[in-house]
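Let's take a look at this protein together. Have the sequence and the 3D view open as you read.

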Amino acid sequence: MRGNARQLVLIGGEKLWSEIDALAQWGSDVEAVHILHAYDDELFGRPADRLARFVRRNFSRLPVHLVGPVADDSPEETAAAIYSLAGADGTELLVNLTGGTRLMFAGGLQGLRRPHVTGLYQHLGVWHTLDAQGGAVRLSDVDPRASERFNVAELLKVTWADDEREVEVAPPAISTNVRAAARMCLDGSPWYSSFEALGRRVSSGARISYGHLFEQFVAAILREVGVAEDDVAVSVKLIDDGTAVQEVDVVVNSHGRLHVVDCKLITDAQVTVPLGVQIREAESTRRALGDGNGQLVLLRPNQRIDDAARSLAAALDVRVVDQRVLAERSLVDALTQLVQAPTPARAMPADGPIARPDLSSKPVLDLQRHFLDSGEPWVAYHLGGQTVLKCRFDPPGTQSSFERQLSLRFEGSVHVTSASVSTTGKSGHAVLRLKDVREFEHQLARISRQPW
């Protein structure tokens, strides 16, 4: 498909992340970009204009054309716009139908009836081609990290800013002392020991903001584990008429998503805003910055978040890293897992476990010990004719919820021989018989590297 695509059609709606990823995947292979926009575009901060500016900044050779406006409640107008681009000269179009309203999507399907028009749709980070009859085929030749070709500042300018407010992104000025403390963490020192040593080195009698220093410390850890320098931003501000109206601690562009890390060093006794309010505000920030595709990490290393707050966070797709999490894994491991996403390269190989231990000195493989030592949120093992899946739960789960998740995630491709949950509800163990090994591996690749 890459070789045949000549022009790319995008929808400039409220959610632009799929359009950005489409540009990352196919922008270098097309000759022009068309952006379809709807009436009342100005009510949403003119997303089509923001997207057009983004294309011009990052693909200066590509002509960019705004198409429309069309009525977002009229499928016929969307179809007619696509028809107008699919001319008789044989121009080949790739049309991303992920954005826009459902009725625009319906019109887009009508547009696929024209020859040389291919529909695209992104679901949970996975791209599919569509046809006019509603068929979908998963694409295997896409790069799940393609959006990392853009830096975090460029992405926030199109996802968070609008026609009235701008984003201020300064590269994190991470000092030698902060980098040294981050490396101590990577070498195995507890985060609090490394951070306390950093505080002693940089204070020297001067007044410092330990909160801001902790943000830099987190950013330094992320850079040490492989995130590019221009993909990490600290103290990102949304500016309205010269005034900062919102500030975000750390933003990371990694593995096809924007990850927002809300860092607070406060203890339980110092909390002034109820956790429920913090979590709901965090969820709103996640949607705003990540344009619907972001992840919010509530980093509270000096607090122990209670079960009710953790359940609320899970329901709103806010990840919690608190004292409880850091008692089981290091800050480095927790951050590394959270800013990564499932990719085919991390899927379970068909001929063995994800990480095969050395059995030369031991006649028995202790799967539970291997799972605990791995630090992974879930691990799958092939054992002859059976497959064992071990998972961590956050918040704690029950056997019925585990069985329900197995059914939903693997959609009939496995037979569950047995499933059990630990007495604490923090981990689960399932023995599976696979109906289709390859399909099972594809399904695993779509599951994020996070506790279930």
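## A sheet and two helices

In this predicted model, six strands line up as an open sheet with mixed pairing, in the order β8-β9-β10-β11-β12-β13. At the edges you'll find β8 (165-168) and β13 (318-322), each pairing on one side only. On average, neighbouring strands in this sheet are turned by 30° against each other, ignoring direction. Zoom in on β12 (residues 295-300): five bridges join β12 to β13, and the two run parallel. Here Val-297 sits opposite Arg-319 in β13.

Now for two helices. Do their lengths add up at 1.5 Å a residue?

| Helix | Residues | Expected span | Distance between end C-alpha atoms |
|---|---|---|---|
| α2 | 47-58 (twelve residues) | 16 Å | 16 Å |
| α14 | 399-410 (twelve residues) | 16 Å | 16 Å |

For α2, the expected span and the end-to-end distance agree, and they agree for α14 too.

Which residues of α14 are buried? They are Ser-401, Phe-402, Leu-406 and Phe-410. These cover an arc of only 140° around the axis, so they lie on the same side of α14. The face turned away from that buried side carries the exposed residues Ser-407 and Leu-408. Covering the buried residues of α14 are, among others, β15 (386-392), β16 (414-421), β17 (427-434) and α15 (437-445). Just after α14, Glu-411 has a positive phi of about 45°.

Back in α2, the buried residues are Pro-47, Ala-48, Arg-50, Leu-51, Ala-52, Phe-54 and Val-55. Their packing partners are β1 (7-11), α1 (17-26), β2 (32-38), β3 (64-70) and α5 (152-159).

Definitions and conventions
Residues are numbered from 1 along each chain as its sequence is written. This is a predicted model: local features need pLDDT of at least 70, side-chain atom pairs count only at pLDDT 80 or more; totals for chains, interfaces and linings use all residues. Side-chain values use heavy atoms; hydrogens and water are left out. Helices (H or I, at least four residues) and strands (E, at least two) are DSSP runs, numbered from the N terminus. The expected span of a helix is 1.5 Å times one less than its number of residues. Buried means under 20% relative accessible area, exposed over 50%, partly exposed in between (1.4 Å probe, protein chains only). The arc is that of the directions from the helix axis to the C-beta atoms. Contact means heavy atoms within 4.5 Å. Two strands pair if DSSP finds at least two bridges between them. Axes are lines fitted to C-alpha atoms, for helices over the stretch in contact, and angles run from 0 to 180 degrees between N-to-C directions.
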